[in-house]
Amino acid sequence: MKIKPNRREFLKGAGAIAAASTLPLSTVEIAFADSKKNFTFGYISDSHIQHIKGNQFVNNWDRGLIRSVAEANLMQPKPDFVVFGGDLAQLGTKPELDHGAEMLAKLNYKTYHVLGEHDYYLDLGEYWSELFGDHYYSWDHKGVHFIVLNSIITFKEWTFDRWPTPEQRMLEMAGLDNPNGSPFMVGDAQRAWLAKDLEKVSKDTPVVVFSHSPIQKLYKGWNFWTDDAEQIQALLAPFADATVIYGHVHQIQYNQIGNISFHAVMATAWPWPYPSTYAQAEHTMPKLTVPMNRADPFFERDATGWQFIDMSNGRVSMSYNLANNTNRTVAYDPASGKPVDTQFQDVGNRVPPQIHY
Amino acid sequence: MRRKYVWISLAVVAAALAVVGVSLQADEFTDTDVERWQGEYMSVVDDGRALWGSPDLGTNGVACGQCHPNGANTHPETYPKFQQQLGRVIALREMINWCLMNPLEGEVLELDDPRMIALEAYISYERRGVALDPGKH
């Protein structure tokens, strides 16, 4: 299905955004000797487009995606592509995926798609594939090897034998805190594919993996978790510059495990609490992370946003464009060998809204 | 004659107390009593948990749990507190009503509505063990 943007509607939206003149765009420092290699890309994720009935959708979530698309179209310098990080839909239905695809079609850039659990568990990604293609794949771009994984599959028994209807299966997985859910994983078949895909990539080529769930184990209760994370990390270990960018968590997170940098992205729909704020749970949050601001629910878009990513040194510099907050940049620091927040990393620079409890 | 009425009245009161299962000895209760009372509370917590994930509390299908998994980020131990966006000190249930009206696009609940009590019971249960800290931001 191809949906072309309506030109008049696009110009109207762009004009409104430009008039607000709040665009958080910055220029890019050049680090590669070969400046042709420098590029940026956009990252939009977790829009959770939610169908009410007929042609009605939850307005709040629609606005998040519409705003991100409009802002991404005004990026300067222009990104080489945009990634949509999964959970376009809330319950994986055709109306939700169609409505989301229509909004995303207004992007002026080549868009790559990652599959989220909310897109998947109704029909196991069948309609999503009709719209967006393969569940996992890779490509090369200006000296960087990019990989998209489907990291949200789970045990066969849970997927095929446990639930009387696909609708119930979707609902059980859609509840983040539902104890009837099941841990995410990449699985044997895809890991075998990944090992083969990486064979042909030289070890000094920067590798960037896009997944929906974190390829690390943070908190199992909310599936801030990938069950075979260590095995995927082992496949990435031989590469000098490896990065994983993931959605699902709706919050700022970053981490460094060995040579692998991890960056989470914000949702366009709503923020999630940090697992550390759930008093009954054990969790392991990355110590490195300076949290996002605690959300103010009276501002509908607070603690939501989208990202643009500068790849000029083969590592990620992640700029968070936050609709109602001060923007943040988390960039790989070659001196310390890990991602750091460019403004707030020092404890003395933190602000009270970054304290979560 | 008057004495007869007194005795009848006392008998009626005693019978009523026996029916509702209340001991005349107020300071004595058993493990069985405690277990039953905890069960009563937990049944309301369970009602609250069901409402927390329900698409029917508001009008747009959005559920409380979508933004607040396990009731997190609701901070029941900090209420009543000055809700700076409203400019006054409020109880938690007023904030619950704010959420019902806004993200859920629904109607407010009466402050003593059993559903309101159930929501509050669930939120507090998920926060058990955290020290009271009214007014905290």
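This report describes the strands, loops, chain contact and selected residues of a predicted model.

Residues are numbered from 1 along each chain as its sequence is written, while chains are lettered from A and ligands numbered from 1 in the order in which they are written. Because the model is predicted, local features need pLDDT of at least 70 and side-chain atom pairs count only at pLDDT 80 or more, whereas totals for chains, interfaces and linings use all residues.

## Confidence

pLDDT is the predictor's confidence in each residue, on a scale from 0 to 100. Chain A has a mean pLDDT of 91. In that chain, 90% of the residues reach 70 or more. Residues 1-33 of chain A stay under 50. For this stretch the model has 42 contacts beyond four places in sequence. A contact means that two C-beta atoms, placed from the backbone, lie within 7 Å.

## The six-stranded sheet

Helices (H or I, at least four residues) and strands (E, at least two) are DSSP runs, numbered from the N terminus. Two strands pair if DSSP finds at least two bridges between them.

Chain A holds an open sheet of six strands. The order is E6-E7-E8-E9-E11-E10, and the pairing is mixed. Strands E6 (137-141) and E10 (254-257) of chain A stand at the edges. Each has a single partner strand, so one side of each is left without a neighbour in the sheet. From one strand to the next, the twist averages 20°; for such angles, axes are lines fitted to C-alpha atoms (for helices over the stretch in contact), and values run from 0 to 180 degrees between N-to-C directions.

Within this sheet, E8 (residues 207-211) and E9 (residues 242-246) of chain A run parallel. Five bridges join them. Ser211(A) has Tyr246(A) in E9(A) as its bridge partner.

## Strands E1, E4 and E5 of chain A

E1(A) and E4(A) run parallel and are joined by four bridges. Here Gly42(A) stands opposite Val82(A) in E4(A). E4(A) also pairs in the parallel sense with strand E5 (residues 111-113) of chain A, over three bridges. Val82(A) stands opposite Thr111(A) in E5(A). Val82(A) thus appears in both pairings.

E4(A), helix H3 (residues 94-104) of chain A and E5(A) make a right-handed β-α-β unit. Right-handed means that, with the strands pointing away from the viewer, the path from the first strand over the helix to the second runs clockwise.

His113(A) lies in strand E5 of chain A. His113(A) is buried, with 24 other C-beta atoms within 10 Å. A residue is buried if 20 or more other C-beta atoms lie within 10 Å of its own, exposed if 12 or fewer, and partly exposed in between, with C-beta atoms placed from the backbone. Leaving aside residues up to four places away in sequence, His113(A) touches Phe84(A), Phe132(A) and Gly133(A). His113(A) and Ser336(A) are 223 residues apart in sequence and 32 Å apart in space, C-alpha to C-alpha.

## Backbone features in loops

Two loop residues of chain A have a positive phi although neither is a glycine. Two cis peptide bonds are also described, one in chain A and one in chain B.

| Residue | Backbone feature | Loop |
|---|---|---|
| Asp46(A) | phi about 50° | between E1 (40-44) and E2 (51-53) of chain A |
| His248(A) | phi about 70° | between E9 and E10 of chain A |
| Pro77(A) | cis bond from Gln76(A), omega about 5° | between H2 (59-73) and E4 (81-84) of chain A |
| Pro80(B) | cis bond from Tyr79(B), omega near -5° | between H3 (64-67) and E1 (81-83) of chain B |

Asp46(A) counts as buried, with 29 C-beta neighbours inside 10 Å. His248(A) counts as buried too, with 31.

## Contact between the chains

The contact takes 17 residues from chain A and 17 residues from chain B. On the side of chain A that touches chain B, the residues divide into 10 nonpolar, five polar and two charged. Ala, Val, Leu, Ile, Met, Phe, Trp, Tyr, Cys and Pro count as nonpolar, Asp, Glu, Lys and Arg as charged, and the others, Gly among them, as polar.

## A loop residue of chain B

Leu111(B) is found in the loop between helix H4 (92-101) and helix H5 (114-126) of chain B. Leu111(B) is partly exposed, with 13 other C-beta atoms within 10 Å. Arg93(B) and Met116(B) are its contacts, not counting residues up to four places away in sequence. Leu111(B) and Arg93(B) are 18 residues apart in sequence and 6.8 Å apart in space, C-alpha to C-alpha.
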